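Let's work through a few exercises together. Keep the sequence and the 3D view open while you go.

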Amino acid sequence: MSTSILFEHPLNEKMRTWLRIEFLLDQLQVSRMITSHQGALTFFRNTAELLDVFERGELRTEILKELERQQQKLRVWLDVPGVDKERVHELSDRLKTRATQLMSAPRIGQLLREDRLIALVRQRLSIPGGCCSFDLPTLHVWLHQAQTVRDSQVAIWLDSLSPLREALLLLLDLIRQSGVFRNQTSLNGFFQDNADGADLLRLQLTLEDALYPQVSGHKSRYAIRFLPLDSEHGDVPARLSFALACC
């Protein structure tokens, strides 16, 4: 039984930012149980990177625009014969709720920026070995507190990101579902097509292919070149079958 590998490639800067935020939010969820110095640094490093991403562009505005765009797409679906109107109304209500929560929330990441411990660790992360106990005695003490105290603090930090997280995950889910996987064939490791204003490409290869895609493109057109994982001894078949969804 072959193992399928999913690759996702953003076709615009907005989607590139959103995928990075999703990745970092997932990392925070995985590392939220802080039981060691190493675990703490993983959590704080992801937090620092997330705050860096937040500082680029008008994140809240872009997400609210997309929530409204998805609402408009749903309104069009209501006129399609045989559509599940109950499901459409349910999704519409979820989009409205997420928009309301995001609009009423404080500035994205504000609580994290203002937290003294996060700020102290963030300042030292760029210094090699700069998070030793003698560099960050505050962190050293925090790590010796009861697990319930740390868990409670982490929960407060992550809960402050909930309006963003819930809105973004809903949008990404809808965008991903908008594209249907279709079988395609590349010739000599190359494939190109029109993007038709899409935001995201999703590709499926098998592990046995021992290949990875290198994508270039934007909202109107894209090109995919398949490269061997082993650059010295691997090869690319003249005809390669793969699955592709344009979302």
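**Exercise 1: the largest pocket**

Which residues line the largest pocket?

Solution. Keep in mind that this is a predicted model. Start from the list: Gln 70, Lys 73, Leu 74, Trp 77, Val 83, Asp 84, Arg 87, Val 88, Leu 91, Leu 174, Gln 177 and Ser 178 make up the lining. Next, sort them by class, and you get six nonpolar, three polar and three charged residues. Then look at where they come from: H3, H4 and H9 each chip in at least two residues, and H3 gives the largest share, with four. As for volume, the pocket holds about 340 Å³ of space.

**Exercise 2: the largest cavity**

Find out how many cavities of 30 Å³ or more there are, and describe the lining of the largest.

Solution. The count comes to one cavity of 30 Å³ or more. The space in the largest cavity is about 30 Å³. Thr 17, Arg 20, Val 53 and Arg 56 are the residues around it. Sorted by class, that lining has one nonpolar, one polar and two charged residues.

**Exercise 3: the nonpolar cores**

Work out which elements build the largest nonpolar core, then follow one of its residues.

Solution. Here's a handy background idea: in soluble globular proteins, nonpolar side chains tend to be buried together. In this model, the largest nonpolar core has 52 residues, and Phe 44, Ile 63 and Leu 139 have the most contacts inside it. Two or more residues come from each of H1 (13-30), H2 (37-54), H3 (59-77), H4 (85-104), H6 (116-124), H7 (137-142), H8 (147-159) and H9 (162-177). H2 provides the largest share, nine residues. Now pick Phe 44: leaving out residues up to four places away in sequence, Phe 44 touches Leu 117, Ile 118, Val 121, Leu 125, Leu 139, Trp 142 and Trp 157. There's also a second, separate core of 15 residues, with Ala 195, Ala 198, Leu 201 and Val 215 among them.

**Exercise 4: two positive phi values**

Locate Asp 196 and Ala 210, and decide whether each is buried, partly exposed or exposed.

Solution. First, the background: most residues other than glycine have a negative phi. Asp 196 has a positive phi, near 55°, and sits in the loop between E3 (190-194) and E4 (200-206). Its relative accessibility is 70%, so Asp 196 counts as exposed. Ala 210 also isn't a glycine, and its phi is positive at about 55°. You'll find Ala 210 in the loop between E4 and E5 (211-217). With a relative accessible area of 37%, Ala 210 is partly exposed.

Definitions and conventions:
Residues are numbered from 1 along each chain as its sequence is written. This is a predicted model: local features need pLDDT of at least 70, side-chain atom pairs count only at pLDDT 80 or more; totals for chains, interfaces and linings use all residues. Side-chain values use heavy atoms; hydrogens and water are left out. On a 1 Å grid over the protein atoms alone, a cavity is a set of points where a 1.4 Å probe fits but cannot get out, and a pocket is an open set with protein on both sides within 12 Å along at least five of seven lines; lining residues have an atom within 4 Å of a point. Grid points are joined across faces, edges and corners, and a volume is the space filled by probe spheres set on the points. Ala, Val, Leu, Ile, Met, Phe, Trp, Tyr, Cys and Pro count as nonpolar, Asp, Glu, Lys and Arg as charged, and the others, Gly among them, as polar. A nonpolar core is a set of buried Ala, Val, Leu, Ile, Met, Phe, Trp, Tyr and Cys residues joined through side-chain atoms within 4.5 Å. Buried means under 20% relative accessible area, exposed over 50%, partly exposed in between (1.4 Å probe, protein chains only). Contact means heavy atoms within 4.5 Å.
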